[in-house]
Amino acid sequence: MMQPKFSDNVILTGFMGTGKTTVGRLLAETLEFELIDTDVYIEETSGKTIPEIFASDGEEVFRQLERDTAHDLSQSQKKVISTGGRFMLDPENVALLQPSGRIFCLTASPEEILRRVLGDADGIERPLLKGADPRAKIIALLEERQSKYEQFPQVDTEGQAPEEIRDQILKQLNST
Ligand code: S3P
């Protein structure tokens, strides 16, 4: 596949478990861009894990760390930025990052999200899905967020291999 000639960032958003990190890694390899995963960035800069931040400081502190991250990355180029599931639903973060590149929102059904999140043994733990009924939490959070995710170009990942999703995004980058 032809490599696009541009230095804009590629920013991936979407619900937890839609494949942002996996697809981001593949895109970064193909484009020869650096991959930044905002959750990993926050863990590295704060010196705490995401579950620790939620447990000891609270969600609002985590959301502020996300805003700090958006500031840090707003002047960057040639990055694939894999954002946490709510990161780009904060208008301040959109205002900071949108001028730096192209945004794509990955989507999947609640069943597929649940399967991927449960199978994601090596991934960063997700405090918002902890508890007896993660499926109900996924459905409730998706419903709350759906209309906001829809402001971005959608990439359906249902039943697709990460390589196919990467190629869909590359095609869009090449064509517009
Ligand atoms: C969150 C998603 C997580 C992480 C945090 C909160 C959310 O990122 O930022 O647990 O509110 O949707 P992933 O989407 O990478 O799991």
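User: What is the bridge partner of leucine 12 in β4?

Analyst: Phenylalanine 104 is the β4 residue that pairs with leucine 12. The model is predicted, with local features needing pLDDT of at least 70 and side-chain atom pairs pLDDT 80 or more, while totals for chains, interfaces and linings use all residues. Residues are numbered from 1 along each chain as its sequence is written, and side-chain values use heavy atoms, without hydrogens or water.

User: How do you know that strand β1 and β4 pair?

Analyst: Two strands pair if DSSP finds at least two bridges between them. Six bridges join β1 (residues 9-14) to β4, and the strands run parallel, so the pairing criterion is met. Strands here are DSSP runs of E with at least two residues, and helices are runs of H or I with at least four, numbered from the N terminus.

User: What joins β4 to strand β5?

Analyst: Three bridges in the parallel sense link β4 to β5 (residues 154-156). Across from aspartate 156 in β5 stands threonine 107.

User: What makes β4 mostly covered?

Analyst: Six of the seven residues in β4 (residues 101-107) are buried, that is, under 20% relative accessible area (exposed is over 50%, partly exposed in between; 1.4 Å probe, protein chains only).

User: Why is glutamate 32 called exposed?

Analyst: Its relative accessibility is 64%, so glutamate 32 counts as exposed. Glutamate 32 is in the loop between α1 (20-31) and β2 (34-37), and has a positive phi of about 60 degrees although it is not a glycine. Most residues other than glycine have a negative phi.

User: Why is lysine 78 called partly exposed?

Analyst: Lysine 78 has a relative accessible area of 43%, so it is partly exposed. Lysine 78 belongs to the loop between α4 and β3 (79-82), and its phi is also positive, near 55 degrees.

User: Which residues come nearest to the ligand?

Analyst: Lys20, Asp39, Arg63, Arg126 and Arg145 do, out of 13 residues around the ligand; a residue is near if one of its heavy atoms lies within 4 Å. Helix α4 (residues 59-73) gives the most to this shell, with three residues.

User: What makes the approach of aspartate 39 to the ligand a polar contact?

Analyst: A side-chain N or O atom of aspartate 39 is 2.7 Å from a ligand oxygen atom, and a polar contact is a pair of N or O atoms within 3.5 Å, so the pair qualifies. A polar side-chain atom of arginine 126 also lies 2.7 Å from an oxygen atom of the ligand, as does one of arginine 145. The protein buries 96% of the 380 Å² that the ligand exposes when taken alone.

Methods. A polar contact is a pair of N or O atoms within 3.5 Å; within protein, one must be able to donate a hydrogen and the other to accept it, and residues adjacent in sequence count only if both atoms are side-chain atoms. Accessible areas come from the Shrake-Rupley method with a 1.4 Å probe; for residues, only the protein chains shown count as cover.
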